Structures are given as C-alpha cells and as structure tokens.
Amino acid sequence: MSDAESKTTSDTGDSVTEYASSVTEDTSSQSQDSFDDGFKPTIVGIRSNGEELPPLTDIRAWLWDIKNENANDNAIIGIIFFRGSWCPYCRQYLSSFNDLYKSKMSTANCKIYAFTSDDVDQIEHAQNFYNWDLSAFEGIYSDKHNLFARYMQGSGYLPDLQITNPDRVRLYRNVTSATFPYGVCQPALLFFVGADVALRWSSKPGPSNYYGAKDRPVPKSVWEEVVSRRRKLRNPKFTRYLEPSDASHLPKVTKYTHSWLGKLSSRFVYC
C-alpha cells in the first residue's frame, strides 16, 4: 500500500458518506443541505453510450481496484478532472485524449476515467449537441459534491487540486452556486503506472489561463511522459524511487480551435 493510501486509510472513512461528513465544513459556498437525515451523496458514473455505471460508494476501494487490477503488467491508469460540459476548453481537451487513446493509448494496456462537478444529464446533452465523442473513456463520473476531488486533496494524490467558489465563476449563466453548490473542480491529471503515481498536475487558476480554462499539458506530451516512466519502472536495473512528474516542463494547450473564442473570452472573470 502506498503512503498516500496509508494516510487515506487512517484519516478518512472508506465510504463516500463517511468522507462527505469530514469535508462538509471545508467546502466554499457550501449548500445548506446537510448529509444528515438519511441523505447519502453519490458519485454517479456513465459510459459514453449513456449506460449507467455502479455508483462509486467506496473511493479507496475503487482506486485500489483500478490500480492493482493489472499492476504486475505496469498498466497505465489515467484520471482526468474537467470543469464541466459547459466549458469548450474541457470538451476539446477530453476529445484530444479520446483521439489519442484510439491512436496510441489503447494498445498500451491503458484505461482513462474522467471526473467533473457537472451533472450527468448535462454531460449527455453535450455529447449529443456537440457530437462529443468520449467513447475511449472507461467512465465519466459526475461528482456534484466534489467528494472524489477532496479525497484526492486529502490523500496526497493531488494536494494542489483546486475547487472554485461558484459565486465567483461567471463563464455561463448556469455556473452559479445554485447549480454548483459545492464548487467547481478545476482541471487536473493523475496517471498511475501499476500502483505508482507517474504524473500529477493541477491547474492554478488565474487571469493568464482564463482562470483554469487553458494552459493544460498537451495530451500527447502527457502520454509520452508517462510511457517514458513506465519504461524505467520496467527496467530491472532501475531500482531507485522515481518522483512523479509534475508536468511543469511539458508544452501547454494555449489555444481553442473555434473562431468564436474572442466572444467567449469576454465572458471570463475572476474565480
């Protein structure tokens, strides 16, 4: 068991409901709804075809399972956090990973998952409206309470992952404290090789990156970085600890491909 998992085991509960109780007071712009009175927050997952996945009720067990299923073969597991289907940068970014998976990642014993604070029905609507192909993803999870995100923060897997106060987000009319009462999770990446963290990166929202929208590591470069680390881990002569890459040296996505970016960028304010 990794240091991160050991800390997680001692500091947090195994179930989503237990963990939710421990983070309720720390959430900016917290909803008045409580986790008491029998309410149990859930992390809902779907496949790209709309098929429902079993609710993610035990975060630690889920992580353990996906990491260790093919750990002996140094399988690669990627977890991609995105802000929501309303964000064109997010749609483009996930589409890039989707294309990359089909051209390179699928032949390399790899699985990718996506997590967001957005609603499942909004994700499905965007898939239909924009013809948004996410077929390469094993699962797209809607985590309205940001339970998985806060687990990543607290466990040390993604200590710098950002959750933005929705009252300070003015990208679109539907991004408010009413639609995102527990905050908007900002972009982040976490890649495992077997049970080891190979790469971790979290967006640092600010004016220069449209408050989290752009300057994400180029997917192809992320993949090459992770594969390079897997080669080292597979080498029996390589025995020293390999510090996870923070992706800081990788090229960043700085442009959005649609011509109406100028109109869009005028809607960005601080968050």
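Which residues of helix 4 are buried? Keep that in mind as you read the legends below, which describe close-up views of a predicted model.

**View 1. The whole chain, before zooming in.** The chain holds eight helices and eleven strands. Of its 271 residues, 52% are buried. If we take the contacts between residues at least 6 apart in sequence, 78% of them join residues at least 24 apart. The legends that follow pick out a few places to visit.

**View 2. Helix 4 and its buried residues.** Here is the reply to the opening question: Pro88, Tyr89, Cys90, Arg91, Gln92, Tyr93, Leu94, Phe97, Asn98, Leu100 and Tyr101 are buried in this helix. Helix 4 covers residues 88-103, and its 16 residues should span 22 Å at 1.5 Å a residue. The end C-alpha atoms are 23 Å apart, which agrees with that expectation. While following the helix along, it helps to know that an α-helix has 3.6 residues a turn, so residues three or four places apart point the same way.

**View 3. Trp62 and Phe148, an aromatic pair.** A search of the whole structure gives 15 aromatic pairs. One of them joins Trp62 and Phe148 in an edge-to-face arrangement, with 5.7 Å from centre to centre and 85 degrees between the planes. Trp62 belongs to helix 3 (residues 59-68) and Phe148 to helix 6 (residues 147-155), so this pair ties together parts that are 86 residues apart in sequence. Are the two partners buried or exposed? Trp62 counts as buried, at 13% relative accessibility, and Phe148 is buried too, with a relative accessible area of 0%. Step back a little and a cluster appears, in which ring pairs link Trp62, Phe81, Tyr113, Phe115, Tyr141 and Phe148.

**View 4. Two asparagines with a positive phi.** As background for this view, most residues other than glycine have a negative phi. Asn109 is not a glycine, yet its phi is positive, at about 55 degrees. Asn109 sits in the loop between helix 4 and strand 4 (110-116). With 33% relative accessibility, Asn109 counts as partly exposed. Asn146 also has a positive phi, near 55 degrees. The loop that holds Asn146 runs between strand 5 (139-142) and helix 6. Asn146 is buried, with a relative accessible area of 1%.

**View 5. The largest cavity, with Asn109 in its wall.** In the whole structure, a search finds four cavities of 30 Å³ or more. The largest cavity has a volume of about 60 Å³. Which residues line the largest cavity? They are Ile66, Glu69, Asn70, Ala75, Ile76, Ile77, Asn109, Cys110 and Lys111, so you meet Asn109 from the previous view again here. Strand 3 (76-82) and strand 4 are the elements that give two or more residues to this lining. Sorted by class, the lining has five nonpolar, two polar and two charged residues.

**View 6. The second largest cavity, beside helix 4.** About 40 Å³ of space lies in this cavity. Its lining is made of Tyr89, Gln92, Tyr93, Ala213, Lys214, Asp215, Arg216 and Val253. Which element gives the most to the lining of the second largest cavity? Helix 4 does, with three residues. Tyr89, Gln92 and Tyr93 are among the buried residues of that helix. By class, four residues of the lining are nonpolar, one is polar and three are charged.

**View 7. The second largest pocket.** This pocket has a volume of about 250 Å³. It is lined by 14 residues, and those closest to its centre are Arg200, Trp201, Ser202, Lys204 and Asp246. Strand 9 (residues 196-202) gives the most to the lining, with three residues. The lining divides into three nonpolar, four polar and seven charged residues.

**View 8. Glu225 and its contacts.** Glu225 has its place in helix 7 (residues 219-234). Is this residue buried or exposed? Glu225 counts as buried, at 15% relative accessibility. Leaving out residues up to four places away in sequence, Glu225 touches Leu199, Ser245, His249 and Leu250.

Notes:
Residues numbered from 1 in each chain as written. Predicted model: local features only at pLDDT ≥ 70, side-chain atom pairs only at ≥ 80, totals over all residues. Heavy atoms only, no water. Helix = DSSP H or I, 4+ residues; strand = E, 2+ residues; numbered from the N terminus. Expected span 1.5 Å × (residues − 1). Buried < 20%, exposed > 50% of the residue type's maximum accessible area, 1.4 Å probe, protein only. Contact = heavy atoms within 4.5 Å. 1 Å grid on protein atoms, 1.4 Å probe; cavity = no way out; pocket = protein on both sides within 12 Å on 5 of 7 lines; lining within 4 Å. Points joined across faces, edges and corners; volume = space filled by probe spheres on them. Nonpolar A, V, L, I, M, F, W, Y, C, P; charged D, E, K, R; others polar. Phe/Tyr/Trp six-rings, centres within 6.5 Å; stacked < 30°, edge-to-face > 60°.
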